[in-house]
Amino acid sequence: LPISAGSGKTSVALHRIAYLLYRDHRLNYNNILILSPNDVFSDYISDVLPELGETNVLKTTFSDFAQTFLKPYKNIESYAEFLERMYSTNNYDKKNIKYKMSDKYKEDIDSYFEKIDDKISFNESIKQYDLEVTNEELLYLYAIKYKKFSFKERIDLLISDICLKLHLSYKKYYNEIKNKLLRISNISLNIFDLYEDFLNEYNLKEERKSKRINYEDITPLVYIYFKVNGYPIYNDIKQVVIDEAQDYTYFQLEVLKTIFKNTSFTILGDVNQIINPYYTYDSLKELSALFENSNYLELSKTYRSSEEIIEYSNQILGINNACAVRRNNNIPVKVINIEESDLSNIIKDDINNIKYNNNFRRIAIITKNINVAKKVHKLLNDSSVQLLTKSEDSLNSDVIIIPSYLAKGLEFDAVIAYNDVNETYTEEEGKLYYVVCTRAQHQLNVYNEPRQLIRKWNNIWILQSII
């Protein structure tokens, strides 16, 4: 379901959940899982379902879900932390990250595992008295007969056959035989060792300084986990809702589709809001190949923002596929250039005007990244203004300062979009700036507009008035 910013995709998702729970009495809140972009967004939607008369359903992020399978690593980078790393520093290998997020990466992992099967060997047989399972038999069973199963399932089936042939108790001798099989072969059940070996083979070896898994490594590690241990079975989950689907790679969605193979999916997203600098879709219709027999719908009307805000936001990407339902409210987009020394006073004046002249309550000061957000918060020196720096933070104030990527999926009465001239949005980051501006419902104030992002439209420069 590709949708324009503010067209109500989250409302569509939550009303669909309420409808499903109402229509099917066999369905309850434990049968529905929402994959949300971050914990801030999860808190936001937690307030909505009870208002629709329904108990809150299960919610998680992709990183939190993956953590279930990636023990003992407890520090797994969230999508928001990944974006912070991408937009705040240049201290990373862009080429490697782009490759790890590409569709080819999965193909290369599959090729690697094919090679592993070709290299499997057993250097001893297993004997019990005058009975024996030769190493040739072990290799045939593991690499040919049971090839379609995961590594662990193959080992279990192998042990079962060995016990049957040697007249041994499966339960009693399981661990002993398993340990011997691993000792006399080159089979590894350690997903981290396998991934390191894969990285070495493809010259992607990276020095790991801590027990932390970067976001770009989560999906391949989870995929390897399933190749080694088999896919889990979640029979209780009947409906999966994925919001902000444009932020998921095809590889991630393939993994989720395989995990929840007997589940119905509702997928919502907007390709104009793709903020991952290393993965993009031309259209979410590309997902139709993965989710067979799916219905593809497009919503182009936006119910969130005023006509003035939509017209300005459309200029950023040079698009005209989102039209406002909300009437013109005669509050033009305010675009001003300011010096950092004036920032505190101007923001305070604007907040007062927004609150008391226009009677708007929920206000967000949105910056490109956390570094700038912290700087603005320090300059304001106002305890009533909340700084959100992590995806786990809850919204506890009417006025917040938040980096762009944490604001995804949220909406506010008014937005002050502050562009620090020293950490400005690049031309490649137009969609990130588009996300920032489309968070505003009624009023948008832009400080230091990144003019390189105001596009040509029909070969005519559309310029925003400076107020």
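**A parallel sheet and its packing helix**

In this predicted model, strand 13 is joined to strand 14, which spans residues 399–403, by 3 bridges, and the two strands run parallel. Within this pairing, Leu-387 has Ile-401 of strand 14 as its bridge partner. Strands of a sheet pair through backbone hydrogen bonds, in either a parallel or an antiparallel arrangement.

The pair belongs to an open sheet of 6 strands, arranged in the order 11-16-15-12-14-13, with parallel pairing. The edges are occupied by strand 11 (334–336) and strand 13 (385–387); each has a single partner strand, so one side of each remains without a neighbour in the sheet. From one strand to the next, the twist averages 20°.

Helix 17, comprising residues 430–437, packs on this sheet. The helix touches strand 12 (363–367), strand 15 (412–418) and strand 16 (440–447). The direction of helix 17 makes an angle of about 125° with that of strand 16.

Strand 12 lies between strands 15 and 14 in the order of the sheet. With strand 14, strand 12 pairs in the parallel sense over 5 bridges; here the bridge partner of Thr-367 is Pro-403 of strand 14. With strand 15, strand 12 pairs over 4 bridges, again in the parallel sense, and Ile-366 has Ala-417 of strand 15 as its bridge partner.

Strand 12 is also mostly covered, with 5 of its 5 residues buried. In a regular strand, side chains alternate between the two faces of the sheet. In strand 12, Ile-363, Ile-365 and Thr-367 point one way, whereas Ala-364 and Ile-366 point the other way. The residues pointing in either direction are all buried. Two of these residues also appear in the pairings described above: Thr-367 is bridged to Pro-403 in strand 14, and Ile-366 is bridged to Ala-417 in strand 15.

The sheet forms part of a chain that contains 17 helices and 18 strands. Of the 467 residues of the chain, 53% count as buried. Among contacts in the chain with a separation of 6 or more, 74% are accounted for by residues 24 or more positions apart. The accessible surface of the chain comes to about 22,600 Å², and carbon and sulfur atoms contribute 46% of this area.

Terms used
Residues numbered from 1 in each chain as written. Predicted model: local features only at pLDDT ≥ 70, side-chain atom pairs only at ≥ 80, totals over all residues. Heavy atoms only, no water. Pairing = 2+ DSSP bridges. Axes fitted to C-alpha atoms, helices over the stretch in contact; angles between N-to-C directions. Contact = heavy atoms within 4.5 Å. Buried < 20%, exposed > 50% of the residue type's maximum accessible area, 1.4 Å probe, protein only. Areas by Shrake-Rupley, 256 points an atom, 1.4 Å probe, with all protein chains shown as cover.
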